[in-house]
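Let's take a friendly walk through a protein model, one helix at a time. Keep the structure open beside you and find each residue as it comes up.

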Amino acid sequence: MDANAKRYLKEIGTSMAAYTVMVPVSMWLLKSPEHSLLRYLFAVLPVIPSAAAMWAAIRFFRGLDELQRRVQFEGMAFGFLGTCLISLNWGLLQNAGLPHADVIWVTPVLLALWGAGSCFASRRYQ
């Protein structure tokens, strides 16, 4: 494992650990009966470690060679376009009676499709 990957794993691990802590803290703080602007701040607390994870990913991508960047780009394109297709179709099918899907599911779908797309792309370049 190269230095770029080691740094990324350390940064993403720390960010996701912080995220794992911030979600229940945020939910606990939101239990207060007051309706104030502070509730919005409490609700978005997990965004702070999420932003750190995003920065770690950007730094990781900058350290990749051209082939690895191409594989990741193709994986991201597959994830982005697949998520667009799924969410568009789900939205249209809601008119036919499909249950409402919460927007929080967009990120896991995007990440799963990105991973699948990256696997397909890396196999293509072997």
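## How far to trust it

pLDDT is the predictor's confidence in each residue, on a scale from 0 to 100. You need that score here because this is a predicted model. For this protein the mean pLDDT is 94, and 100% of the residues reach 70 or more.

Which element has the lowest mean pLDDT, and which the highest? Helix α2 (residues 37–43) has the lowest, at 89, while helix α4 (residues 66–94) has the highest, at 97. As a general habit, where pLDDT is low, the predicted coordinates should not be read in detail.

## Helix α1 and a buried Asn

Start with α1, which has 27 residues. From its first C-alpha to its last it reaches 38 Å, close to the 39 Å expected at 1.5 Å a residue. Its buried residues are Asn4, Ala5, Ile12, Ser15 and Ser26, and they pack against α2 and α3.

Now zoom in on Asn4, which sits in helix α1. Is Asn4 buried or exposed? Its relative accessible area is 10%, so it counts as buried, the cut-off being under 20%. A polar atom of the Asn4 side chain lies 3.0 Å from the backbone oxygen of Phe60. Leaving out residues up to four places away in sequence, Asn4 touches Arg59, Phe60, Gly63 and Leu64.

## Helix α3: one face in, one side out

Next comes α3, with 16 residues. At 1.5 Å a residue it should span 22 Å, and its end C-alpha atoms are indeed 22 Å apart.

Which residues of α3 are buried? They are Pro49, Ala53, Ala56, Ala57, Phe60 and Phe61. Look down the helix axis and these buried residues fall within an arc of 135°, so they line one face of α3. Among the elements covering them are α1, α4 and α5. On the other side of α3 you'll find Ile48, Met54 and Arg62, which are exposed.

## A cluster of rings

Aromatic rings are fun to hunt for, and this model has 4 aromatic pairs. In one of them, the ring centres of Phe61 and Trp114 are 5.8 Å apart. Why is this pair called tilted? The planes meet at 45°, and tilted is the word for angles that are neither under 30 degrees nor over 60, so the label fits.

This pair also links distant parts of the chain: Phe61 belongs to helix α3 (residues 47–62) and Trp114 to helix α5 (residues 106–124), 53 residues apart. Tyr8, Phe60, Phe61 and Trp114 together form one aromatic cluster. Phe61 itself is buried, with a relative accessible area of 18%.

Phe61 has another partner to look at. Its backbone oxygen lies 3.2 Å from a polar atom of the Arg69 side chain. Arg69 is in helix α4 and is partly exposed, with a relative accessible area of 41%. Beyond its neighbours within four places in sequence, Arg69 is in contact with Phe61, Arg62 and Leu64.

## Helix α4 and its links to α5

Helix α4 has 29 residues, which should span 42 Å at 1.5 Å a residue. Its end C-alpha atoms are 41 Å apart, which agrees. At its N-terminal end, Asp65 acts as a cap: a side-chain oxygen of Asp65 lies 3.2 Å from the backbone nitrogen of Leu67.

The buried residues here are Val71, Gln72, Glu74, Gly75, Gly79, Gly82 and Thr83. Their cover includes α3 and α5. Take Thr83, found in α4 and buried with a relative accessible area of 7%. What does the side chain of Thr83 reach at 3.5 Å? The backbone nitrogen of Leu110. Not counting residues up to four places away in sequence, Thr83 touches Val106, Val109, Leu110 and Leu113.

Finally, find Leu111 in helix α5. With 45% relative accessibility, Leu111 is partly exposed. The C-alpha atoms of Leu111 and Gly75 are separated by 9.5 Å, and these two residues are 36 residues apart along the chain.

How values were computed. Residues numbered from 1 in each chain as written. Predicted model: local features only at pLDDT ≥ 70, side-chain atom pairs only at ≥ 80, totals over all residues. Heavy atoms only, no water. Helix = DSSP H or I, 4+ residues; strand = E, 2+ residues; numbered from the N terminus. Phe/Tyr/Trp six-rings, centres within 6.5 Å; stacked < 30°, edge-to-face > 60°. Buried < 20%, exposed > 50% of the residue type's maximum accessible area, 1.4 Å probe, protein only. Expected span 1.5 Å × (residues − 1). Arc of directions from axis to C-beta. Contact = heavy atoms within 4.5 Å. Polar contact = N/O pair within 3.5 Å; in protein donor to acceptor, adjacent residues only side chain to side chain.
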